[in-house]
Amino acid sequence: MFDRIANGWELAKNSWQVLKLDKELLLFPMMSGIACLFVLASFSVPLWNSPYAGMLMEEGEPPQDVLAYVILFAFYFVNYFVIVFFNTALIACAIIRFRGGDPTVSDGLQAATNRLPQTLAWALVSATVGLVPPVPGSPPANGGPFPAAP
């Protein structure tokens with residue numbers, strides 16, 4: 001167990017060194033956050049004028065029809081895709097640095113673009129897991145009507 005803690009600590013120190021050398025890598029979490037805000041807006045603005053917004057405001061309960069779950073799944077899928085895409089770009093740059101190279105933001109974006117099929121597959125798995133109901137009889141992890149997203 002202590003070996004795992006030591007390895008984790010060593011990885012954290014190495015990661016900190018990479019960030020000190022390549023401050024531009026901090027752009028990836030920023031781009032991811034901005035893109036996630038755009039995803040949120042692209043789903044929430046159209047839904048605001050839909051019957052679903054009224055149901056949520058009046059009843060405080062989410063709609064229990066299939067379309068509501070399809071929309072929620074689509075939101076999860078697109079959001080996970082954005083997050084995984086930029087994480088992939090960041091990790092690719094870290095690997096380049098660990099191998100002695102000098103990564104650029106473009107290198108990371110190119111590496112993430114080259115892995116689009118894997119990113120789409122992982123987003124699909126993550127979105128699916130995010131909507132799987134909890135074990136019958138147990139409350140959702142977040143206390144709400146939907147299970148907690150990973």
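Which residues does T88 touch, not counting residues up to four places away in sequence? They are A112, R115 and T119. T88 itself has its place in helix α4, and at 18% relative accessibility it counts as buried, because buried means under 20%. The model described here is a predicted one.

**Overall build**

The protein has six helices and zero strands, so that, from the N terminus on, its elements run α-α-α-α-α-α. Of its 150 residues, 27% count as buried, while the accessible area that the protein exposes comes to about 10,100 Å², with carbon and sulfur atoms supplying 70% of it. Among the contacts between residues at least 6 apart in sequence, 66% join residues that are at least 24 apart.

**The nonpolar cores**

In soluble globular proteins, nonpolar side chains tend to be buried together. In this model the largest nonpolar core has 14 residues, and those with the most contacts inside it are L25, F28, V82 and F86. The elements that give two or more residues to this core are α2, covering residues 27–48, together with α4 and α5, the last of these covering residues 105–114. When neighbours within four places in sequence are left aside, L25 is in contact with V18, L19, L90 and C93. A second core, separate from the largest one, is made of six residues and includes L72, Y80, A127 and L131.

**Aromatic rings**

A search of the whole structure finds six aromatic pairs. A pair of aromatic rings is described by the distance of the centres and the angle of the planes, and the table gives these values for two of the six pairs.

| Pair | Distance of ring centres | Angle of planes | Kind of pair |
|---|---|---|---|
| F43 and F75 | 5.4 Å | 80 degrees | edge-to-face |
| F73 and F77 | 6.5 Å | 15 degrees | stacked |

The planes of F43 and F75 stand at 80 degrees, and the pair is therefore edge-to-face, since angles over 60 degrees count as such. Because F43 lies in helix α2 and F75 in helix α4, this pair ties together parts that are 32 residues apart in sequence. F43 is buried, with a relative accessible area of 18%. F43 and F75 also belong, along with Y76 and Y80, to one aromatic cluster, and Y80 is in addition one of the residues of the second nonpolar core.

The rings of F73 and F77 have their planes at 15 degrees, so this pair is stacked, the limit for that class being under 30 degrees. F73 and F77 both lie in helix α4, four residues apart, which is about one turn of the helix. F73 counts as partly exposed at 26% relative accessibility, and F77 is likewise partly exposed, with a relative accessible area of 23%.

**A nonpolar patch on the surface**

Nonpolar side chains also appear on the surface, where V66, L67 and V70 form a patch with about 290 Å² of accessible area together. L67 lies in helix α4, which covers residues 66–98. At 47% relative accessibility, L67 counts as partly exposed, because a residue has to be over 50% to count as exposed.

**Helix α4 across these features**

Helix α4 recurs through this account: it holds T88, it is among the elements that give two or more residues to the largest nonpolar core, it carries both F73 and F77, and it includes L67.

How values were computed:
Residues are numbered from 1 along each chain as its sequence is written. Side-chain values use heavy atoms; hydrogens and water are left out. Patches are made of residues with over 30% relative accessible area and no salt bridge: like charges are joined within 9 Å, nonpolar side chains (Val, Leu, Ile, Met, Phe, Trp, Tyr) within 5 Å. Accessible areas come from the Shrake-Rupley method with a 1.4 Å probe; for residues, only the protein chains shown count as cover. A salt bridge is a side-chain nitrogen of Lys or Arg within 4 Å of a carboxyl oxygen of Asp or Glu. Buried means under 20% relative accessible area, exposed over 50%, partly exposed in between (1.4 Å probe, protein chains only). Contact means heavy atoms within 4.5 Å. A nonpolar core is a set of buried Ala, Val, Leu, Ile, Met, Phe, Trp, Tyr and Cys residues joined through side-chain atoms within 4.5 Å.
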